[in-house]
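Student: I would like a close look at one part of this model, with attention to how its charged side chains are placed. Could you take me through it step by step?

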Amino acid sequence: MVKAKKIPQRKCIVCGNLYDKNDLLRIVNNKDLGVVIDETGKLNGRGAYICKNEACLKDVRKNNKLNRVFKQKIDDKLYEELEAYELK
């Protein structure tokens, strides 16, 4: 009997639902780069996860969720990148 590899679960910081790690968008606070979108999911630093659906991508800016998660002021440019990400 072959064991299936477990897929790690992560919680969206906006809606609070659990999803497979691969289905979420990772935002990371990297020591060298600052707060950036981590498409590889492998950058060092504190990470936060957001659903790739339109509602969560819009609400993250409206509620300043990233400011609270990373305990710092997040540049508007990152929020604009997140809103544009839904088009990809």
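**Salt bridges in the helices and the sheet**

Tutor: In this predicted model, E80 forms a salt bridge with R61, and the closest N and O atoms of the pair are 3.9 Å apart. Because E80 lies in helix α3 while R61 lies in helix α1, this pair ties together parts of the chain that are 19 residues apart in sequence. E80 counts as partly exposed, since its relative accessibility is 44%, and R61, at 25%, also counts as partly exposed. The cut-off that matters here is that buried means under 20% relative accessible area.

R61 has a further partner in D76, again with the closest N and O atoms 3.9 Å apart. This second pair likewise links distant parts of the chain, with D76 in helix α3 and R61 in helix α1, 15 residues apart. D76 has a relative accessibility of 38% and is therefore counted as partly exposed. Taken together with E83, the residues R61, D76 and E80 are linked in a network of salt bridges, and the whole structure holds five salt bridges.

The sheet on which these helices pack is open and has three strands in the order β4-β3-β5, paired in the antiparallel sense. Its edge strands are β4 (34–38) and β5 (46–51), each of which pairs on one side only, and the twist from one strand to the next averages 25 degrees. Helix α1, residues 54–62, packs on this sheet by touching β3 and β5, and its direction makes about 130 degrees with that of β5. Helix α3, residues 76–85, touches β3, β4 and β5, and its direction makes about 10 degrees with that of β4. Between β3 (residues 24–30) and β5 the antiparallel pairing runs over six bridges, and one of the residues involved is L24, whose bridge partner in β5 is C51.

Within the sheet there is another charged pair, in which D38 forms a salt bridge with R26 and the closest N and O atoms are 2.6 Å apart. D38 lies in strand β4 and R26 in strand β3, so this pair ties together parts that are 12 residues apart in sequence. Both D38 and R26 are buried; for D38 the relative accessibility is 3%, which is why this residue counts as buried. The side chain of D38 also makes a polar contact of 2.8 Å with the side chain of T40. Apart from neighbours within four places in sequence, D38 is in contact with R26, V28 and L43.

Conventions
Residues are numbered from 1 along each chain as its sequence is written. This is a predicted model: local features need pLDDT of at least 70, side-chain atom pairs count only at pLDDT 80 or more; totals for chains, interfaces and linings use all residues. Side-chain values use heavy atoms; hydrogens and water are left out. Two strands pair if DSSP finds at least two bridges between them. Helices (H or I, at least four residues) and strands (E, at least two) are DSSP runs, numbered from the N terminus. Axes are lines fitted to C-alpha atoms, for helices over the stretch in contact, and angles run from 0 to 180 degrees between N-to-C directions. Contact means heavy atoms within 4.5 Å. Buried means under 20% relative accessible area, exposed over 50%, partly exposed in between (1.4 Å probe, protein chains only). A polar contact is a pair of N or O atoms within 3.5 Å; within protein, one must be able to donate a hydrogen and the other to accept it, and residues adjacent in sequence count only if both atoms are side-chain atoms. A salt bridge is a side-chain nitrogen of Lys or Arg within 4 Å of a carboxyl oxygen of Asp or Glu.
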